[in-house]
Amino acid sequence: LKLRAGDKDGLVARSKCYLRLGDLENALKDAEASLQSDKTFSKGLYQKAETLYTMGDFEFALVFYHRGHRLHPELQQFRLGIEKCQEAIVNCIGSPSSVKLESKEDLSFVSRQAESKKANQKFQTKLTKDQKWARKQKPVKNPKTERQLLGEFYADKAYLEKLLKDKDLMESSTKQGIKVADLVLGGISYLDTRSDFWQQQQPIYARVRERKLRQQRWLRDKKRKTAEVGRYLTKTMEDIDMLLSGSSPEESCKKAKRLLQKIQEWSDEEVPNKNELIGSLHSCVGNAQLEMGRVEAALQSHRMDLEFARQNDLPEAVSRALGNIGRVCVRIGKFQQAIDTWEEKIPMTKSSLEKAWLFHEIGRCYLELNKAEAAQNYGEKSLQSAEEEGDLEWELHATVLVAETQVKLKDYWSAIFKFEKALEKAKLLHNKAAQKAIIMALDEVSKSFVKELKERREEMTVYSLKEYDFSSENTEDNAKKSRVRGRSEQSTGRQEDEKPKEGAGNYKEEQGSNKERGKGKENEQKESKREKKRGGGK
């Protein structure tokens, strides 16, 4: 309060301390000061009501308890204050039903009351000192009742009353000049006031056993009620899940909505995990609506689950809602929105199995968007997570995804290798449908691979033929050039040598031809002679 003058919380705290010390005036001042800036301050209202109640002003305390309860009905302390104030008032004046008022015209009792008052005043003036001392002392209460009311203070009062009998001590004074008799009488008076107050409100000392029994009964009833509510909630949630998995999404949706309405009406004490259950029921409604084909309604329910989880700081519920929203976006065909939602969920995943599923779904979305490289990246991440978990089924899904992305990238050899791996996993799982699908995919990939090889070979042969044609054209050109050169040289030599007359030339040609003819005849004669010799020999 020195650092921040007028701080409401500080004033209330100091008021509580004054109340514990019995300094009721200062406690009330601090409580009222805390309400100066804000009349609706709940702590200040409660502290003022408590101080007034301790002072014995039950009616005024009841006013402030009611005021606090009207402004803050969610706080139970005001309701309890109203109950204890009403009980204390009844203990003081009795039940209202026992009071009967009658209206009469005779008002003589007023004059009689005034006369008795005057007589008492005259009588008081004639009292001696001893009579005054005796009048100050109140009638002795029943020791048993007083012991119950005062409790541990009963021994203190008995000690003070014993001191009163010592006249010498009562006449003495302290160093500060205060009479011992005044101190003793003040202490006894304080204890009497407290006993009267406790008798009115029936405090702990007067009803320890009763309070303990009531508290035990209340705790027992509360435990029973909480256990019954817990069993009911567990059974209903199980029924909702069974209806959803048993192809009855409409019934599941109706039951989840009814339970959601009930839980919202219950208090936090009746349902300790109320916020978690509300979010879970929104999720159940969304899943049922998705099964029914009501995609937009399902998306809205899952978004409500996400908003509620973020408001109440429930990370697991946020992760669940993001996963469901991504599934609905895929059903609609909004693959990029699903990717963004699931990528937000990645840091919240805890198990390797959940990561395997999440990476696989993101990879599928990228594959639908024809982004094969990103799809392959997430497929490999999914395969790694599945291998870490040791889940053969998700290993199969991830391997198929990687193979499909490699087909998109035209890496047929790697795709064939991955499909063969997937086929082995499908055989281990005895999944015949998966085996059939993988065999068909392998067949298609093999055909594509063979076709690509043929195309490559044709390209290679065309390229080699082009090189061969180019070299042969060069050799033919060279041969033609050499032939032309030889003919030109021969023609030039003949022109220089053939200069004689035409007659001489004809003669020589005739002689050459005659000689050749003679040689031919000689050869024919020789062959005939050989044939004759052969015939004679035979």
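In this predicted model, Lys350 and Glu316 form a salt bridge, with their closest N and O atoms 3.6 Å apart. The two residues sit in distant parts of the chain, 34 residues apart: Lys350 is in the loop between helix 17 (335-345) and helix 18 (352-368), while Glu316 belongs to helix 16 (residues 315-332). Both Lys350 and Glu316 are exposed. Elsewhere, Lys157, Glu161 and Asp192 are joined into one network by salt bridges that share partners.

The count of salt bridges comes to 17. Among them are the three pairs tabulated here.

| Pair | Closest N to O distance |
|---|---|
| Lys350 and Glu316 | 3.6 Å |
| Asp30 and Arg14 | 2.8 Å |
| Glu32 and Lys48 | 3.6 Å |

Two of these pairs involve helix 2. Asp30 forms a salt bridge with Arg14. Because Asp30 lies in helix 2 (residues 24-33) and Arg14 in helix 1 (residues 8-21), the pair ties together parts that are 16 residues apart in sequence. Asp30 has a relative accessibility of 6%, so this residue counts as buried. Arg14, at 36% relative accessibility, counts as partly exposed.

The side chains of Glu32 and Lys48 also meet in a salt bridge. Glu32 lies in helix 2 and Lys48 in helix 3 (residues 42-55), so this pair likewise ties together parts 16 residues apart in sequence. Here the acidic partner, Glu32, is partly exposed at 35% relative accessibility, whereas Lys48 is buried, with a relative accessible area of 13%.

Helix 14 can be checked against its expected length. This helix covers residues 274-291, and at 1.5 Å a residue its 18 residues should span 26 Å; the end C-alpha atoms are 26 Å apart, which agrees. Helix 14 is mostly covered, with 15 of its 18 residues buried. Just after the helix, Gly293 takes a positive phi of about 90°.

A further buried position is Val402, in helix 20 (residues 392-408). Its relative accessible area is 1%, and since buried means under 20%, Val402 falls in that class. Apart from neighbours within four places in sequence, Val402 is in contact with Gly379, Glu380 and Lys418. Val402 and Phe419 are 17 residues apart in sequence, and their C-alpha atoms are 9.0 Å apart in space.

Key: Residues numbered from 1 in each chain as written. Predicted model: local features only at pLDDT ≥ 70, side-chain atom pairs only at ≥ 80, totals over all residues. Heavy atoms only, no water. Helix = DSSP H or I, 4+ residues; strand = E, 2+ residues; numbered from the N terminus. Buried < 20%, exposed > 50% of the residue type's maximum accessible area, 1.4 Å probe, protein only. Contact = heavy atoms within 4.5 Å. Expected span 1.5 Å × (residues − 1). Salt bridge = Lys/Arg side-chain N within 4 Å of Asp/Glu carboxyl O.
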